Amino acid sequence: MDFELSEKHRLVRRSVRTFAEDILGPLAPIMDREAKFSWEAAKELAKINAWGLQIPEKYGGADLDSISYAITIEEISRICAATALTISVHNSVGAYPIYKFGTEEQKEKFLPDITSGKKIAAFAWTEPNAGSDAGAIESLAIEDGDVFILNGSKIFVTNGGIASTVLIGAKYQTEKGEKGYVAFILDKNMKGFEVGENEDKLGIRGSSTTSLYFHDIRIPKENILGNLNDGFKIGMQALDVGRIGIAAQAIGIAQAAYEHSVNYSKGRIQFNKPISRFQGISFKLAEMATKIDSARLLLFRTAFLKDKGVPFSKETAMSKYYASQIAREIAQEAIQIHGGYGYMKDLPVERYYRDAKVTELYEGTNEIMKFIISREILRGNL
Amino acid sequence: MLKIFVLIKQVPKTDNLQINLKTGALIRNKIDNIINPDDIFALEFALTIREKYGGVITAMTMGPSQAESSLREALAMGIDHVIHISDPIFSYSDTLQTTLVLKETFEKIKSYDVIITGSVTLDSGTGQVPYQLSEALQIPLITDIFIFEFEKDKFKCQRNFGHESQDIEVNLPVIIRIGKHFNKPRHIPLSGIKKAFEKKIEIMDFNLLNCPDEIDGCNKSPTQVIKTDKLVHKRKNEFIKGSIKEKIQRIFDIMKEHGIEKRWMQKK
């Protein structure tokens with residue numbers, strides 16, 4: 001067992017860090033202030049293949065392993081959590097399910113545009129009446145000859161306003177239970193596909209979140225992802241992978257808050273000494289460092305398990321739950337260390353706090369994460 | 001097809017330098033090493049040439065085994081081949097010894113059109129190798145290029161420095177020393193990283209290069225680093241007390257002490 005990052009992984013971290021600091025550094029506060037996704041950033045992200053992180057070269061991807069993926073998202077998030085989310089969702093629940101469950105024709109048709117960033121991908125499952133209760137979705141697809149007719153709506157769709165390719169889950173009328181769902185690959189130009197307004201959010205304001213409305217969309221059968229009855233399985237497996245990205249995003253936010261806290265506390269003089277010399281502050285730093293290291297190691301193990309091809313639902317839930325919780329705690333303590341300065345928008349610390357909170361909510365709330373973990377434990381997967 | 005070579009060096013990251021206080025040597029570990037920042041401009045220049053004129057780029061470095069990571073980084077950036085010049089006998093080489101080894105390397109390679117270098121290294125700051133190599137290989141060296149083009153076996157460029165410019169034309173092969181910020185180096189594409197680790201690194205050592213006896217970095221380097229020390233910049237703090245008049249007077253006194261009073265008065 002070797003706990004050191006390989007040379008390759010260190011190069012990934014170094015490269016993405018340089019990129020993020022150079023390109024996203026100046027854009028992050030603007031994206032947050034204006035609550036707008038940056039197409040300029042998107043173009044630059046395409047140059048480093050960030051839109052096709054784990055897709056094979058054959059379809060235009062960078063073919064990275066999952067640890068590299070986690071490092072990439074973390075490093076982007078360290079500078080801009082909103083961009084990290086956009087990239088994470090695009091890759092993990094947008095591109096990946098097409099690669100994993102798609103037919104060869106679908107892969108060849110959809111993936112090259114997705115990996116090149118020409119088309120941004122999204123994943124839409126949540127509905128007004130189906131949040132944690134994922135099975136309660138009401139969007140309905142009815143078979144009509146060689147097409148399906150889809151009606152319904154989705155809410156809180158990350159990348160909703162910028163995506164061209166959207167994976168969605170819908171009820172399929174004739175089947176009941178877990179088998180009664182179908183996953184489709186939709187194109188925003190399909191007739192009857194409507195995009196709602198951008199949501200006004202607490203954090204991750206540089207990412208686009210919208211509702212989607214489906215009015216009698218006629219979906220050709222070649223746009224079904226996987227088997228007709230596999231919709232639920234595809235959705236849940238996509239989320240397992242998505243949680244790696246969210247955990248990485250949370251760790252990136254935590255890392256940024258922590259670094260700012262260390263630097264600030266070393267330079268801030270009160271009572272004639274740097275506040276880092278007071279245990280009240282230095283112990284906070286110690287706690288931050290410990291939490292980040294734990295979360296990161298847990299995430300790397302999850303990524304390792306995924307690449308090994310063994311079940312990792314429990315571990316990915318643990319990673320997402322723990323990383324998001326410590327990110328919120330660390331961002332909160334970072335403001336405490338910065339005092340009034342941390343509360344002002346002149347410093348990015350308050351943004352970390354706003355950005356961190358949502359990681360406890362999406363890709364399954366932390367309560368759902370604990371439900372998944374405990375279910376696995378009680379099934380005997382100790 | 002142009003045969004382009006780029007000389008790069010691995011240097012320790014300077015934001016967290018640690019020095020062994022007993023021996024005065026830098027403590028190097030494999031984690032905090034980077035490609036010498038100036039050399040990145042040289043790599044980018046090579047990539048630009050290849051994009052415009054075609055060619056094959058080989059990056060080479062002389063250094064211990066951990067220098068391999070910098071060669072992988074060059075490959076990830078888009079460089080075609082890399083050569084690692086490495087042998088225990090090359091350690092502690094000064095610039096002249098380094099040049100002699102490079103000379104042997106290029107004599108072994110035989111065919112080269114363009115050799116590109118950065119300006120200076122972050123860890124020693126001498127900037128001598130391109131000049132010495134030009135002498136050793138008896139080929140021209142061009143610095144401070146501004147605009148350039150290749151035409152058959154000629155390299156044409158405009159050099160800019162200070163208030164004048166020169167138009168220069170030389171026959172290949174040529175050494176080009178690239179200045180800081182000559183270009184904007186590209187970011188490493190993630191797709192390049194996987195490929196970089198699949199490529200083979202060619203290693204050239206003392207025997208393979210058939211080096212003459214005069215090559216012996218430790219014993220025959222004319223320059224020896226006796227000691228390395230950390231430079232500490234201490235900030236001085238003074239609280240100026242008294243009436244406004246006294247305070248202003250004190251500020252003027254300080255300016256006088258540091259000789260900045262005159263310059264300031266001139267500006268006014």
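In the hairpin that strand 8 and strand 9 of chain B make, with two residues between the strands, B:Lys152 takes a positive phi near 50°. Strands here, like helices, are DSSP runs numbered from the N terminus, with at least two residues (E) for a strand and at least four (H or I) for a helix. The model is predicted, so local features need pLDDT of at least 70 and side-chain atom pairs count only at pLDDT 80 or more, while totals for chains, interfaces and linings use all residues. Residues are numbered from 1 along each chain as its sequence is written, with chains lettered from A and ligands numbered from 1 in the order in which they are written.

**The sheet around that hairpin**

That hairpin belongs to an open sheet of three strands in chain B, ordered 8-9-10 and paired antiparallel. Strand 8 (145-151) and strand 10 (164-171) of chain B are the edge strands, each pairing on one side only. From one strand to the next, the twist averages 15°, based on axes that are lines fitted to C-alpha atoms (for helices over the stretch in contact), with angles running from 0 to 180 degrees between N-to-C directions. Two strands count as paired if DSSP finds at least two bridges between them. Strand 8 and strand 9 (residues 154-161) of chain B pair over six bridges, and eight bridges join strand 9 to strand 10 of chain B.

What does the turn between strand 9 and strand 10 of chain B look like? These strands also form a hairpin with two residues between them, and B:Gly162 in the turn has a positive phi of about 55°.

A few of the facing residues in this sheet:

| Residue | Opposite residue | Strand of the opposite residue |
|---|---|---|
| B:Ile147 | B:Gln158 | strand 9 of chain B |
| B:Phe148 | B:Cys157 | strand 9 of chain B |
| B:Lys156 | B:Glu169 | strand 10 of chain B |

Just past the sheet there's a backbone oddity: a cis peptide bond, with omega about 0°, joins B:Leu172 and B:Pro173. B:Pro173 is found in the loop between strand 10 and strand 11 (174-177) of chain B.

**Chain B as a whole**

Stepping back, chain B has eight helices and 12 strands. Its C-alpha atoms fill a box of roughly 75 × 50 × 40 Å along the principal axes. Of the 268 residues in chain B, 30% are buried. Buried means that 20 or more other C-beta atoms lie within 10 Å of a residue's own; with 12 or fewer it is exposed, and in between it is partly exposed, the C-beta atoms being placed from the backbone. Looking at contacts in chain B between residues at least 6 apart in sequence, 70% join residues at least 24 apart. A contact here is a pair of residues whose C-beta atoms, placed from the backbone, lie within 7 Å.

**Where the chains meet**

On the chain A side 18 residues are in contact with 13 residues of chain B. Helix 1 (residues 7-34) of chain A supplies the largest share of that side, eight residues. By type, the chain A side divides into eight nonpolar, four polar and six charged. Nonpolar covers Ala, Val, Leu, Ile, Met, Phe, Trp, Tyr, Cys and Pro; charged covers Asp, Glu, Lys and Arg; the others, Gly among them, are polar.

**Helices and loops in chain A**

Helix 4 (residues 81-101) of chain A is mostly covered, with 20 of its 21 residues buried. Its end C-alpha atoms are 28 Å apart, which agrees with the 30 Å that its 21 residues should span at 1.5 Å a residue; the expected span is 1.5 Å times one less than the number of residues. Helix 4 of chain A bends by about 35° at A:Ala95, and a proline, A:Pro97, follows within four residues. The bend is the angle between axes fitted to the seven residues ending at a residue and the seven starting there.

A:Glu75 lies in helix 3 (residues 66-79) of chain A. Why does A:Glu75 count as buried? Because 25 other C-beta atoms lie within 10 Å. Not counting residues up to four places away in sequence, A:Glu75 touches A:Arg13, A:Val16, A:Arg17, A:Ala20 and A:Gly252. A:Glu75 and A:Ala20 are 55 residues apart along the chain, yet their C-alpha atoms are separated by 7.0 Å.

Two more positive phi values turn up in chain A. A:Phe156, in strand 3 (residues 147-158) of chain A, has phi near 55°. A:Phe156 is partly exposed, with 19 other C-beta atoms within 10 Å. A:Asn159, in the loop between strand 3 and strand 4 (163-172) of chain A, has a positive phi of about 70° although it is not a glycine. A:Asn159 counts as buried, with 26 C-beta neighbours inside 10 Å.

Methods
Contact = placed C-beta atoms within 7 Å.
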